[in-house]
Structures are given as C-alpha cells and as structure tokens.
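Biologist: Before I rely on any of the terms used for this assembly, I would like each one set against the rule behind it. Could we go through them in turn?

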Amino acid sequence: MEEIRRMEPIEGIHGLPEQVSAEQFAPSAFSRNRKKLMMWIFIISDALLFGSFLAVYTFERFISPSWPDRWKIFEPGYLAVMTVVLLSSSTFMAVAVEGLKQGKNRRFGFFYAVTILCGIVFLAMQAHEWAHFIGLGARLNTNPWGVPLFSGLFFMITGFHGFHVLTGVLILSFIGVLKLMGKVSDETIELAGMYWSFVDLVWVFILAVIYLL
Amino acid sequence: MENLGSHTQEPIVSPKTFILVWVLLMILTGFEIFAAYKGIPWKNELILALMLAQAYLVSFYFMHLRFEKFPLILSVVLGVLLTVGLLCALIIWDGIHIIQLSR
Amino acid sequence: MTVDKQVERHHKIPGFWQHYIFSTNHKVIGIQYLITAFASALIAAGMAMLIRLEIAWPEHSWPILGTLFPGAFPGGVMRPEVYAALFTMHGTLMVFFFLSAALVGGFGNFLIPLQIGADDMAFPFLNMLSYWVYLTGLLVMLSSFFFSPGGPASAGWTSYPPLSALKTAIAGSDWGQSFWIVGMAFFIISFTMGGLNFVTTVLSMRTRGMHMMRLPLTTWALFTTAAVGILAFPALTAAVVMLFLDRHFGTSFFLPSGLYVAGKLLPNKGGSPLLWQHLFWFLGHPEVYIVMLPAMGFTSDILSTFCRKPIFGYPAMVGSILAIGSLSFIVWGHHMFVSGMNPYLGLFFDITTLIIAVPSAIKTFNWMATLWEAKIQLRTPMLFALAFVSLFVTGGLSGIFLAMAPADIQLHDTYFVISHFHFIMAGASLFGIFAATNFWFPKMFGRMMNETLGKFHFWITFITYYCTFFPMMFLGLHGEMRRLYDPVQYYTMFKSLQPINVFISINAFALGAAQLVFVFNFFWSMLRGEKASANPWNANGLEWTLSSPLPYENWEGNSPEVQRWPYDYSYPGAAKDYLPQVVPEQAAAGNY
Ligand code: HEM
Ligand SMILES: [Cu+2]
C-alpha cells in the first residue's frame with residue numbers, strides 16, 4: 001500500500017492520473033484541458049448566481065416607486081479608485097501568469113505579490129465604504145432614503161462579491177505559499193488567475209448596475 | 001508529474017498587449033463614471049455598452065477566453081448572456097406591470 | 001510509463017472504508033446515491049400514505065396513529081399543521097432527494113463513465129464530496145422532524161412567501177423553513193458539484209471513436225440534464241439566500257408593504273412575492289425536465305434493446321433532447337398564470353409552453369416508430385419503459401390543457417395539476433428509474449433481478465398508479481383544490497366528490513404496498529439472484545462488454561475503441577442480432 005501511494009500524481013487523491021495520455025480520448029473542442037474546462041463551467045454557474053442577483057436588483061428597482069440617488073451616497077472618485085485597483089490587479093495577475101508560462105520566475109513573483117496586495121487594498125476600501133454607508137444610517141432592512149430594498153440589495157450583492165474577493169485573496173496566498181515550496185503546478189496557478197479575473201469581471205457588472213445606472 | 005495536464009500550445013501574449021488592455025479599461029472606466037456622474041444624455045445605454053466592452057476585455061484577454069476554441073467561447077458567452085438576459089428581460093417585463101398596477 | 005501504471009492498477013483495490021464508504025469510484029458512488037435516494041423515497045412514500053389517509057377520511061380518529069405519534073395525531077386525529085408539513089416534505093424529498101438524486105446522482109454516476117468508455121469521472125474526489133454533501137442535505141431535511149420546534153417546513157415544496165418568509169405565519173415557518181433552506185443549500189451545492197463533473201466528463205473523456213453522435217441517448221440525456229442543472233440552479237441559490245435574509249435579517253425582498261400578521265402591521269416594505277415565484281420556477285421548470293430527460297434516455301435505450309431494432313430517428317432524438325433542455329428555460333411563467341402576472345407575458349409563456357410539446361411529441365413518435373413491427377421482448381425493464389411512454393403521453397396531454405392560460409385559470413392549484421405532474425414528472429421518472437434499475441442491475445451487482453417478482457411489481461404498480469392519479473383529473477375539473485386538509489367539512493361543494501377520494505386513497509395504499517415488493521426484490525436479488533452473464537440482454541453499449549458485476553476499474557487502462565453507434569440491432573448481414581459498439585465493420589459478419 002505504501003509503495004502504491006507514492007506512485008500517485010500529486011493531485012490524484014483518487015489513484016487515477018488526472019490526465020491519461022491525451023490521445024486516448026476522442027478529439028473534441030473541449031478536451032484540451034479537463035481542469036480548465038471545469039473551471040469554465042464553474043465560472044458559468046457562479047456568473048449566473050451574480051446574474052440572478054443583478055436581475056433581482058433590477059426587478060426590485062423597477063417595482064419601487066423611487067430609487068435613491070447614488071451620488072448622494074458614494075463618491076465618484078473613491079469608486080474610480082476601487083475599480084482601478086481591482087482592474088489593475090487582474091492585469092497584474094495576467095502578466096504574472098504569462099511570466100510563469102515563459103519561465104520568468106522573478107517577473108511572476110513580483111506581479112503575483114502585487115496582485116494579492118491589490119486584492120487586499122480593494123477589500124480595505126470596500127470595508128471603508130461599508131462603514132461609510134452604515135454611518136449614513138443604512139441597514140439591511142432600513143435606510144434614510146425610504147427604500148429599504150436598496151440597502152438590503154447593496155449589502156447582499158457587494159457582500160457576496162467581497163466574499164469572492166476574500167476567498168480569491170486567500171486562495172492566491174495559499175497557492176503562493178505552495179509555489180514557494182514547489183508543490184503546485186503552473187496550471188493550478190493559471191486556474192486561480194482565471195478565478196481572480198472572474199471576480200474582477202463581476203465587479204464590472206456590479207459597478208454599472210448598482211452604482212452607475 | 002508537474003506538467004501532467006499542462007498545455008503550452010497557447011500563444012504567448014506580450015506584456016504590451018496587457019498594458020494596452022489595461023489602458024483601454026482605464027479609459028472605459030473613467031468615461032463610464034464620468035457619464036454617470038454628469039448624467040449626460042443616453043447615459044444608461046452608454047453605461048451598459050461600456051460595461052459590456054469592459055467585460056469583453058476582461059474575459060477575452062485576462063481570462064484567455066480568446067484562446068479557447070470556438071465552441072467553448074460560444075457556450076460560455078451564450079450560456080451566461082442568454083440565461084441572465086432572459087431572466088432579466090422576462091421578470092422586468094413583469095415588474096413593469098406590477099408598478100403600473102400599483103400606480 | 002503507461003505500462004507500469006497498468007501493473008500498478010491491479011493492486012489498487014482499497015480496503016473496506018475506502019471501497020464502500022468514502023469511495024471515489026464512480027460505480028460505488030452511483031450505488032450509494034441510488035440506495036440513499038430509494039431510502040428517501042420510501043420515507044416520502046410513507047408520508048404520502050398519511051396524506052391520503054387524511055384526505056379520504058378527513059379528521060377521522062385512528063387510535064394506532066394516536067399511540068404511535070401522540071404529538072402529531074392527538075387523539076388519533078392528524079393536526080392540520082402536520083398535514084401541511086407532510087405534503088411539503090413529501091414534495092421536497094421526492095422531487096429533489098429522490099428523483100433528481102437517483103437519476104442524476106445514481107444512474108448518472110454509474111452509467112456515464114461506462115457508456116463513454118472512461119475509467120472514472122473527471123474529478124472523482126469532487127464526486128465523492130457531492131454524495132456526502134447530498135447526504136448531509138438529506139439528513140438536515142429529515143432532522144427537521146425531530147429537532148425543529150414547530151415541525152418541518154410547511155409552505156409546500158415551492159415554499160412561496162409570504163408564508164415561508166414570515167416566521168410567525170404557521171408553525172412550520174419558524175424553524176422548519178430554516179431547516180428547509182439549509183437542506184436545499186446542501187442539495188444545490190451537491191448537484192452543482194455533480195453537474196460540473198458530468199459535463200466535463202462527457203465533453204473531455206470520451207474514448208477513441210466515441211463521437212458525440214455515437215453516444216447512447218442515456219448519456220446524451222444525462223449530459224443535457226447536468227448542463228441544464230448548472231444553468232438553472234443558481235437562480236434558486238439566489239432566491240434561497242434572499243429568503244434566508246428576509247426571514248432572519250428583516251429584509252423585504254419577497255415581502256410587500258402592508259402585510260398584517262395576527263392583527264399587527266409588519267414593518268416590511270416594497271418587496272414582491274412574485275419575485276420568489278419567478279426565481280423558483282426559473283429553476284423549477286428546468287428541474288422537472290432534469291428528472292424527465294434521464295428517464296427519456298433510459299427509455300430510448302431500453303426500447304431499442306428489447307425491440308431488437310435501432311432507435312428510430314437518433315438525430316431527431318438528440319435534437320429534441322437539446323430542444324427540450326433549452327426551451328425549458330423560457331416556459332417557467334406557466335406556473336404563474338394566475339399570479340397577477342403581466343398578461344402579455346402570460347401570452348408569451350403560453351406560446352413557449354405549447355411549443356415544448358413539439359420536441360416531446362417528436363420523442364413519443366420516435367418511440368412509437370421504434371416499436372413498430374418489432375419483435376418485442378416483454379421483459380421487466382421493457383414493461384416499465386413502455387409504461388413510461390404511456391404515462392408520458394397522459395401527463396403531456398394534460399400539460400397542454402394547463403398550458404392554455406384561460407383553461408389554467410380554472411385548473412390552477414387543483415387536483416388536475418397534481419394529476420398532471422404525478423403522471424409526467426413523478427410517474428414517468430419513477431417508471432424510468434424502475435426500468436433502469438431492472439436493466440442495469442446485473443451490472444451493479446452481478447445478478448439478475450427476479451423476473452416474476454419484477455412483473456408482479458410492474459402490473460400492480462402500473463394499474464394502481466393509473467387508478468390513483470387518473471381520477472384526480474376529475475376532481476380537478478370540478479375545481480377541488482390541492483392541499484386541502486379537510487375537503488368535506490369546510491368545502492361542502494366537494495362532498496359529493498368524496499367517494500373518488502376514497503377510491504384514490506385505497507389505490508394509493510395498494511401502490512405503496514407494491515413498492516415493498518420492489519424493495520424485497522432489490523435486496524433479495526442482490527444476494528440471491530440468478531448470476532448474470534456479462535451481457536444478459538444482448539445489448540450494444542460499452543458497459544455490456546465488461547464483466548458482471550463490473551471490475552473495480554472499468555478498463556484498467558485499456559480503453560476500448562468505439563466503431564459504431566450503440567443501436568446496431570438486427571444489422572443486415574451480421575451473424576447475431578446485435579453488434580456491440582466495439583465491433584469493427586469487417587468483423588460484423590463474423591463472430592458477432
Ligand atoms: C407537454 C409538455 C408540458 C406542458 C405543456 C406542461 C404544462 C404545465 C403547466 C401549464 C403547469 C402549471 C399548472 C398550474 O399550476 O396551474 C404545469 C405544472 C407542472 N408540470 Fe408540467 N407541462 C409539461 C410537461 C411537464 C413535464 C415533462 C414535467 C416533469 C417532468 C412537468 C412537471 C410539472 C410539475 C411538477 C408541475 C406542478 C408544479 C406545482 O405546482 O407544484 N410538466 N405543467
Ligand atoms: Cu413547468
């Protein structure tokens with residue numbers, strides 16, 4: 001039993017290699033990489049969750065007689081900085097992954113660290129924004145603008161997004177440590193990068209639908 | 001074992017491309033927030049268009065959707081956009097009716 | 001490297017815990033799912049018996065029940081809250097934890113890798129996790145009977161707010177509804193993990209020569225089902241999260257202004273209960289196809305096998321599976337015709353719903369054409385598959401009545417709807433599960449299910465099923481509403497219909513009892529059944545080229561090469577009347 005264990009590939013908890021030689025399978029547009037495919041499908045389902053939330057937001061907004069003016073609550077400058085931080089972090093991540101693929105480890109390390117840093121900055125900014133929002137009197141079930149739905153939806157949707165950023169930061173840090181120990185494949189890092197960019201993608205929609213429209 | 005399942009056939013993207021995409025994203029963001037803040041005419045349509053442009057850049061470049069094969073691109077884009085679009089469109093259609101009734 | 005892998009594999013049969021309990025092997029997980037799902041079906045069926053008892057003899061005192069469950073049946077009479085809790089849990093357990101779990105988790109896991117020629121699912125560990133999360137969800141649901149102070153959820157399997165969103169609305173809305181939400185959350189997570197796995201597996205792990213158009217229809221259906229689930233479940237996730245916030249944090253997503261409970265005005269403001277209905281049915285309708293499509297797939301394969309004929313119109317079958325899968329996303333509003341929804345939107349849903357009858361009809365006609373002039377072998381799986389077609393037609397035609405909004409205004413929330421979906425969703429899928437269990441049993445346990453017991457079970461089930469659910473159509477046409485605790489005392493106009501209810505209940509008890517035959521047959525055959533050969537039905541799929549019961553590792557690294565589609569029965573010029581998928585063209589006339 002001991003000996004067999006050692007034969008297993010690193011991620012094969014189950015005793016089957018993740019990728020038995022590729023020629024064994026019928027060629028398909030989807031078969032290039034199994035893990036990546038699954039990541040895409042996961043992203044679709046997560047995107048649909050946020051899609052449903054934003055659809056709900058729009059619906060509730062349509063059935064409310066009025067909706068608060070967002071510029072009385074949020075600062076355009078602050079919002080712009082938040083967006084820039086998140087979009088940049090996703091750029092850094094892409095550059096880092098590219099560096100990794102080309103074997104430029106120093107470039108990878110630098111940009112990867114900056115990515116995580118940006119994520120933390122974004123989280124801090126969001127926490128500050130929530131504090132500001134709560135300070136104005138907004139709660140899940142009431143707010144000073146007379147549309148309790150607005151603050152409820154705001155907390156729920158940005159909270160869900162923030163939670164995704166947080167998990168992203170944790171995953172990236174964890175993988176980063178594993179990478180330092182040499183225990184993680186390039187592919188896993190690439191997948192983490194996909195997830196990170198996805199979190200960014202969601203923000204693009206949240207920004208437009210909740211803050212700007 | 002490290003490269004089991006890794007696949008390096010993907011074309012290499014130069015940092016220049018990423019910088020260009022980043023610059024574009026910044027411009028789009030700036031314009032979007034400006035439009036919303038100043039409340040220019042057609043602002044909602046504009047914001048939605050800019051939002052989609054940003055989403056395109058992020059998903060196609062940063063998430064490398066551009067390098068996937070066409071059927072996958074189609075499934076991802078259609079799967080998400082159609083499903084959310086339908087959900088949105090149909091329940092908002094109903095929402096408009098609800099608000100009309102309550103007036 | 002490949003070589004020593006193979007050598008290595010022969011030693012890989014793990015110990016008891018890893019083999020049977022925390023297994024990552026798709027076959028074991030499939031059987032775990034199946035047996036757990038059957039267990040929850042038995043529990044839910046027991047609830048149905050109590051429900052029928054109450055409807056046929058409302059508020060009658062049953063001393064035995066009074067002694068058995070003094071809390072729920074004080075003085076032997078069922079409390080109304082218990083009745084509501086029973087139909088809620090019956091629906092939830094049956095739809096999600098039995099039908100979906102057995103079809104997708106059970107047969108999906110068991111069959112997909114076998115039929116595409118893969119050694120396992122793409123992500124076996126995720127697969128194992130999916131089962132354990134499902135089991136947790138089931139246990140949470142069931143525990144609400146014991147640990148929830150007000151009893152289990154009571155707002156129906158659809159959990160419409162405000163009833164489900166206001167903790168004080170009924171006893172079950174208090175803790176029970178929270179249990180329901182948590183249980184459903186587990187189920188959704190488990191289903192999503194399974195779905196990810198299935199879609200990835202079918203897309204990327206097919207063996208050489210297994211093009212998409214050579215997949216058995218079972219796999220096509222399971223694949224579409226998984227994809228539909230992935231696209232549809234997130235809406236329910238969102239809805240469930242919001243319901244939770246409404247209940248525990250005072251938000252008003254689903255609660256409109258001006259609600260009074262017990263004479264007190266609630267502070268909630270601005271939400272809409274219609275939103276829940278939209279989100280729930282956005283999942284809910286695809287969900288009914290999630291349990292329908294796999295059963296359609298089984299039926300196609302089983303009909304073809306026992307007709308010894310190729311399935312008629314394979315491309316049209318695939319097309320209609322995909323059409324049904326995609327159309328199912330734009331018909332959900334037909335559950336809301338009387339909700340006060342925008343009438344133009346109602347018209348839209350009316351039309352899309354009628355359109356979905358077209359691919360359904362295509363499938364039915366193709367099954368008919370497969371049966372046409374065939375030498376039909378009436379074995380147990382075949383009987384169940386034929387009954388599937390019958391139930392599907394009965395249920396589908398009643399669906400067309402319901403799809404027309406003007407008719408639905410009369411029929412909505414009556415027993416007509418109950419009848420409709422018990423034929424099409426519950427019944428047809430149930431018969432599909434029975435057919436598949438009988439058909440693939442030899443692959444699972446290496447023994448045949450007993451044919452005599454199987455036929456006995458079939459005929460009793462089939463006859464009592466029709467006798468139970470068909471009369472409900474008449475109740476519904478006369479306007480008798482569903483979910484009535486006491487249809488006699490409070491609704492005197494239904495008094496004359498009560499004999500029908502008694503007739504239904506008696507048949508329901510017979511139906512319930514007949515299922516014990518199946519349970520007995522299942523376990524008895526598992527231990528004592530006649531030993532099965534590798535291919536007892538002379539079928540063509542890849543799974544039949546392996547021994548019965550299946551080896552621990554499907555192909556031990558030597559994946560088969562697929563040469564043809566799985567429906568070459570009575571192939572002209574071939575020596576036998578079936579040609580397994582691995583037989584090359586040149587060899588067709590020879591040994592096979
Ligand atoms: C020809 C195709 C079908 C049509 C036209 C159709 C139409 C309808 C309509 C209009 C309703 C709403 C009735 C009401 O509540 O007033 C309904 C309910 C229902 N249908 Fe169908 N249906 C079809 C097929 C199916 C299938 C294939 C399934 C399941 C596999 C299914 C399962 C259900 C269920 C579960 C309900 C009731 C849910 C509830 O209120 O608790 N239907 N159907
Ligand atoms: Cu429906």
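What follows is a conversation about chain interfaces, domains and a metal site.

Modeller: One caution comes before the rest, namely that this is a predicted model.

Biologist: What makes A:K36 and B:E68 a salt bridge?

Modeller: The closest N and O atoms of A:K36 and B:E68 are 3.5 Å apart, and the rule asks for a side-chain nitrogen of Lys or Arg within 4 Å of a carboxyl oxygen of Asp or Glu. The pair therefore qualifies as a salt bridge, and the count between chain B and chain A is one. Between these two chains there are also six residue pairs in polar contact, with both residues at pLDDT 80 or more.

Biologist: Which elements of chain B make up the side that touches chain A?

Modeller: The elements of chain B that give two or more residues to that side are α1 (15-38), α2 (43-62) and α3 (70-102), and the largest share, 16 residues, comes from α3(B). By class, that side of chain B divides into 35 nonpolar, 12 polar and six charged residues.

Biologist: How many residues are in contact between chain B and chain A, and how much area do the two chains bury?

Modeller: In chain B 53 residues are in contact with 57 residues of chain A, and the two chains bury about 5000 Å² between them, 75% of it on carbon and sulfur atoms.

Biologist: What do you find where chain C touches chain B?

Modeller: Here 19 residues of chain C are in contact with 12 residues of chain B, and about 1300 Å² is buried between the two chains, with 80% of it on carbon and sulfur atoms. The rule finds zero salt bridges across this interface, while four residue pairs, both at pLDDT 80 or more, are in polar contact. On the side of chain C that touches chain B, α9 (273-307) and α11 (343-371) of chain C are the elements that give two or more residues, and the residues of that side are 15 nonpolar, four polar and no charged. A salt bridge needs Lys or Arg opposite Asp or Glu, and these four residue types are the ones counted as charged; with no charged residues on the side of chain C, the count of zero salt bridges agrees with the rule.

Biologist: How do you know where the domains of chain B begin and end?

Modeller: The domain assignment gives domain 1 (12-67) and domain 2 (69-103) of chain B, and the C-alpha centres of these two domains lie 22 Å apart. Four residues of domain 1 are in contact with four residues of domain 2, and the area buried between the domains is about 310 Å², of which carbon and sulfur atoms give 83%. In domain 1, B:F60, B:L65 and B:F67 lose the most area to domain 2, together 85% of what that side buries. Between the two domains the count of salt bridges is zero.

Biologist: What makes C:H420 a donor to the iron atom of ligand 1?

Modeller: The NE2 atom of C:H420 is 2.1 Å from the iron atom, and the cut-off for a nitrogen donor to this metal is 2.8 Å, so C:H420 counts as a donor. The iron atom has this single donor from the protein, and C:H420 is found in helix α14 (residues 415-445) of chain C. The copper ion (ligand 2) is separated from the iron atom of ligand 1 by 4.3 Å.

Methods: Residues numbered from 1 in each chain as written. Chains lettered and ligands numbered in written order. Predicted model: local features only at pLDDT ≥ 70, side-chain atom pairs only at ≥ 80, totals over all residues. Heavy atoms only, no water. Contact = heavy atoms within 4.5 Å. Buried area = accessible area lost by both parts, 1.4 Å probe. Polar contact = N/O pair within 3.5 Å; in protein donor to acceptor, adjacent residues only side chain to side chain. Helix = DSSP H or I, 4+ residues; strand = E, 2+ residues; numbered from the N terminus. Domains from an automatic or database assignment. Donors = N, O, S within 2.8 Å, 3.2 Å for Na, K, Ca; no water.
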